[in-house]
Amino acid sequence: MPRTWLITGISRGIGAAIARAGLDRGETVIGTTRTGTSDLDPGAGTLHVLTLDVTNEAQARAVVERAHELGAGRIDVLVNNAGHGLLAAIEDTADDEARELFDANVFGVLNVTRAALPLLREQGGGAQIVNISSIAALAPTVGSGVYAATKAAVNGFSGSLAQEVEAFGIGVTLVELGSFRTDFLARTSMRVGERRSPAYEGSAAAARIDRLDESSGRQAGDPARAAAAIVDAVASADPPLHLVLGSDAIERARTSAERLLADVARWEDVSRATAFESE
């Protein structure tokens, strides 16, 4: 039986690819964009496009309720995809740039998810929440620290959410994306900090910012294959909490996990010695 998907941010990138994958399988896709328009062809599926700024909590509630109506009283898969990136060294990141990023990438996900949860609970189970994250949440690197922080925040509350809603038959999947050939690195999705301190010229952070800015459109990952993997994972008998996509993401995740475990082992005696002696 075809499922109903609510996907935020389908105008381009991975959001558009997921919508396309669902439509190709004959599913109903209710997608959101800031303009309420999309050039996606419904193909074998059914497409509805709604206007949504995810940072607007009241608008998020209204859109979720409308999507529930369009889905004949059901949302099977909620995909929180809308958001953008920021390239800047931590010291160079202005307050307004950081707050804007957290509003979109963190509070936007919270707004839509909190609006959807009462309806998903009332459905009686079987729904899946998919939060589009980044390998930066697991393995942050230079030049995009605040962006990594937003995705780490999404990972943090999603891990708790998965435990909170399991009893209601609702699943949660985090998609930690590596580098995919979308327009994410283009200026429509990736912001570059306005400040650039001379102290960082020639640094690893500056080099990475320049490299990412120049590599848009040459990423190794195929967004259509990533979208197919996400749709397959959601349809599986046991969807994962963490879905790390991309060879680069796999390598970064393993390196980060190994570093964490090495630090835990190296400082284990010190860590265990912090308890009260009497206990």
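# Buried contacts, cavity, pocket and salt bridges

V130 has a relative accessible area of 0% and is therefore buried. The model described here is a predicted one. V130 belongs to strand 6, a strand that spans residues 128-134. Apart from its neighbours within four places in sequence, V130 makes contact with V77, L78, V79, N80, T173, V175, I230 and V234. One of these partners, V234, is 104 residues away from V130 in sequence, while the C-alpha atoms of the two residues are 8.3 Å apart in space.

## N105, T150 and the enclosed cavity

A second buried position is N105 in helix 3, a helix that covers residues 95-122. The relative accessibility of N105 is 1%, so this residue counts as buried; the cut-off for that class is under 20%. A polar atom of the N105 side chain lies 2.8 Å from the backbone oxygen of H84. With residues up to four places away in sequence left out, N105 touches G83, H84, Y147, T150, K151 and V154.

T150, one of the residues touched by N105, is located in helix 5, which runs over residues 145-165. T150 is likewise classed as buried because its relative accessible area is 0%. Outside the four-place sequence window, the contacts of T150 are L101, F102, N105 and V106.

N105 also takes part in the lining of the largest cavity, together with N80, N81, A82, V109, N131, I132, K151 and V154. The structure holds one cavity of 30 Å³ or more, and the space in the largest cavity amounts to about 50 Å³. Helix 3, strand 6 and helix 5 are the elements that each give two or more residues to this lining. Sorted by class, the lining comprises four nonpolar, four polar and one charged residues. Two of the lining residues, K151 and V154, are also among the residues that N105 touches. N80, another member of the lining, is in contact with V130.

## The second largest pocket

Which residues lie closest to the centre of the second largest pocket? The pocket has a volume of about 330 Å³, and of its 19 lining residues the closest to the centre are Q128, I170, G171, V172 and P239. The class composition of this lining is ten nonpolar, five polar and four charged residues.

## Salt bridges

Side chains of opposite charge can pair when their charged atoms come close. The number of salt bridges in the model is ten. The table presents three of the pairs.

| Pair | N to O distance | Citation |
|---|---|---|
| D232 and R25 | 2.9 Å | salt bridge |
| R74 and D76 | 2.5 Å | salt bridge |
| R266 and D263 | 3.6 Å | salt bridge |

The salt bridge between D232 and R25 links distant parts of the chain, with the two positions 207 residues apart in sequence numbering. D232 is part of helix 7 (residues 223-235), whereas R25 sits in the loop between helix 1 (13-24) and strand 2 (28-33). D232 is partly exposed because its relative accessibility is 41%. R25 also has a relative accessibility of 41% and so counts as partly exposed.

How exposed or buried are R74 and D76? The relative accessibility of R74 is 25%, which places this residue in the partly exposed class. D76, by contrast, has a relative accessibility of 11% and therefore counts as buried. The two side chains meet in a salt bridge with an N to O distance of 2.5 Å.

The pair R266 and D263 lies within a single element, helix 8 (residues 247-266). The two residues are three places apart, about one turn of the helix. R266 counts as exposed because its relative accessibility reaches 61%; the threshold for that class is over 50%. D263, at 38% relative accessibility, counts as partly exposed.

## A backbone feature at A72

A72 is not a glycine, yet has a positive phi of about 55°. This residue is located in the loop between helix 2 (57-70) and strand 4 (77-80). With a relative accessibility of 73%, A72 counts as exposed.

Conventions: Residues are numbered from 1 along each chain as its sequence is written. This is a predicted model: local features need pLDDT of at least 70, side-chain atom pairs count only at pLDDT 80 or more; totals for chains, interfaces and linings use all residues. Side-chain values use heavy atoms; hydrogens and water are left out. On a 1 Å grid over the protein atoms alone, a cavity is a set of points where a 1.4 Å probe fits but cannot get out, and a pocket is an open set with protein on both sides within 12 Å along at least five of seven lines; lining residues have an atom within 4 Å of a point. Grid points are joined across faces, edges and corners, and a volume is the space filled by probe spheres set on the points. Ala, Val, Leu, Ile, Met, Phe, Trp, Tyr, Cys and Pro count as nonpolar, Asp, Glu, Lys and Arg as charged, and the others, Gly among them, as polar. A salt bridge is a side-chain nitrogen of Lys or Arg within 4 Å of a carboxyl oxygen of Asp or Glu. Helices (H or I, at least four residues) and strands (E, at least two) are DSSP runs, numbered from the N terminus. Buried means under 20% relative accessible area, exposed over 50%, partly exposed in between (1.4 Å probe, protein chains only). A polar contact is a pair of N or O atoms within 3.5 Å; within protein, one must be able to donate a hydrogen and the other to accept it, and residues adjacent in sequence count only if both atoms are side-chain atoms. Contact means heavy atoms within 4.5 Å.
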